[in-house]
Amino acid sequence: MFKEISVMEIKENAVDLLDSQWGLVTAGDENALNTMTVSWGALGELWNYDMVTIYIRPQRYTIKFLEEQDYFTLSFYPEDMKKIHSVCGSKSGRDIDKINACSLTPVFDEKAPYFDEAKLVIVCRKVAKGKFEPEQFIDKSVISAQYPTSDFHYIYYGAVEKVLIKEK
């Protein structure tokens with residue numbers, strides 16, 4: 001059972017959630033959805049919205065679902081579920097059913113799907129999309145270190161519409 005809280009009531013450190021705990025970004029609907037591990041992102045304030053940013057490489061299958069939908073979720077899981085990221089972060093939904101492989105239970109009671117096993121879910125409305133380009137980098141070492149094949153990330157900006165936490 002989940003309960004709604006305000007974004008200001010999130011107790012976890014947002015940097016720790018993304019950098020250390022990792023999350024799943026999920027988009028789609030009851031007919032088709034996909035999820036993937038995300039560890040690059042941010043939670044803050046932009047354009048008078050509580051905003052999430054996520055960074056997705058163009059070859060990721062999840063892009064298709066992000067493009068087709070107006071909403072996505074960013075969700076985080078208990079430590080004992082960290083193994084889901086070995087599948088969701090390295091396998092493509094084109095090749096395997098990651099949701100079944102990880103024994104995740106989709107929930108469709110919001111504008112975007114999430115999973116019942118989550119401890120924290122952030123429901124986001126897409127507001128903008130961008131893409132990194134080589135000329136934008138002041139520190140050119142980032143290009144050689146992170147983009148040796150020039151697969152620059154898309155940036156999705158999502159206004160936080162709802163935050164859900166798992167009730168104990």
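A nonpolar patch of about 280 Å² on the surface is made by W47, Y49 and V127. A patch here is built from residues with over 30% relative accessible area and no salt bridge; nonpolar side chains (Val, Leu, Ile, Met, Phe, Trp, Tyr) are joined within 5 Å, and like charges within 9 Å. Accessible areas come from the Shrake-Rupley method with a 1.4 Å probe, and for residues only the protein chains shown count as cover. The model is predicted, so local features need pLDDT of at least 70 and side-chain atom pairs count only at pLDDT 80 or more, while totals for chains, interfaces and linings use all residues. Residues are numbered from 1 along each chain as its sequence is written, and side-chain values use heavy atoms, with hydrogens and water left out.

One member of the patch, Y49, lies in strand β5 (residues 49–56). Helices (H or I, at least four residues) and strands (E, at least two) are DSSP runs, numbered from the N terminus. Y49 has a relative accessible area of 34%, which makes Y49 partly exposed. Buried means under 20% relative accessible area, exposed over 50%, and partly exposed in between (1.4 Å probe, protein chains only).

Next comes helix α1, residues 14–21, whose buried residues are L17, L18 and Q21. These residues lie on the same side of α1, because they cover an arc of only 120° around the axis. The arc is that of the directions from the helix axis to the C-beta atoms. V15 and D19, on the other side of α1, are exposed. The cover over the buried residues of α1 includes β2 (23–28), β3 (33–38), β4 (41–46), β6 (71–76), α3 (84–88) and β9 (120–131).

Both ends of α1 have a feature to look at. At the N-terminal end, N13 acts as a cap, with a side-chain oxygen 2.7 Å from the backbone nitrogen of V15. After α1 comes W22, whose phi is positive, near 65°.

Charged pairs are the next topic. The structure holds 7 salt bridges, each a side-chain nitrogen of Lys or Arg within 4 Å of a carboxyl oxygen of Asp or Glu. In one of them, the side chains of D151 and R57 meet at 2.9 Å, N to O. This pair links distant parts of the chain, 94 residues apart: D151 is in the loop between α5 and β10, and R57 is in the loop between β5 and α2 (62–68). D151 is buried, with a relative accessible area of 12%. Its side chain also makes a polar contact of 2.8 Å with the side chain of Q59. A polar contact is a pair of N or O atoms within 3.5 Å; within protein, one must be able to donate a hydrogen and the other to accept it, and residues adjacent in sequence count only if both atoms are side-chain atoms. Leaving out residues up to four places away in sequence, D151 touches R57, P58 and Q59, where contact means heavy atoms within 4.5 Å.

Helix α2 contains both K64 and E68, 4 residues apart, about one turn of the helix. An α-helix has 3.6 residues a turn, so residues three or four places apart point the same way. K64 and E68 form a salt bridge, with their closest N and O atoms 2.8 Å apart. K64 is partly exposed at 37%, and E68 is partly exposed at 49%.

Another salt bridge joins the side chains of K129 and E67 (2.8 Å, N to O). Here strand β9, which holds K129, is linked to helix α2, which holds E67, across 62 residues. Finally, E4, E110 and K162 are linked in a network of salt bridges.
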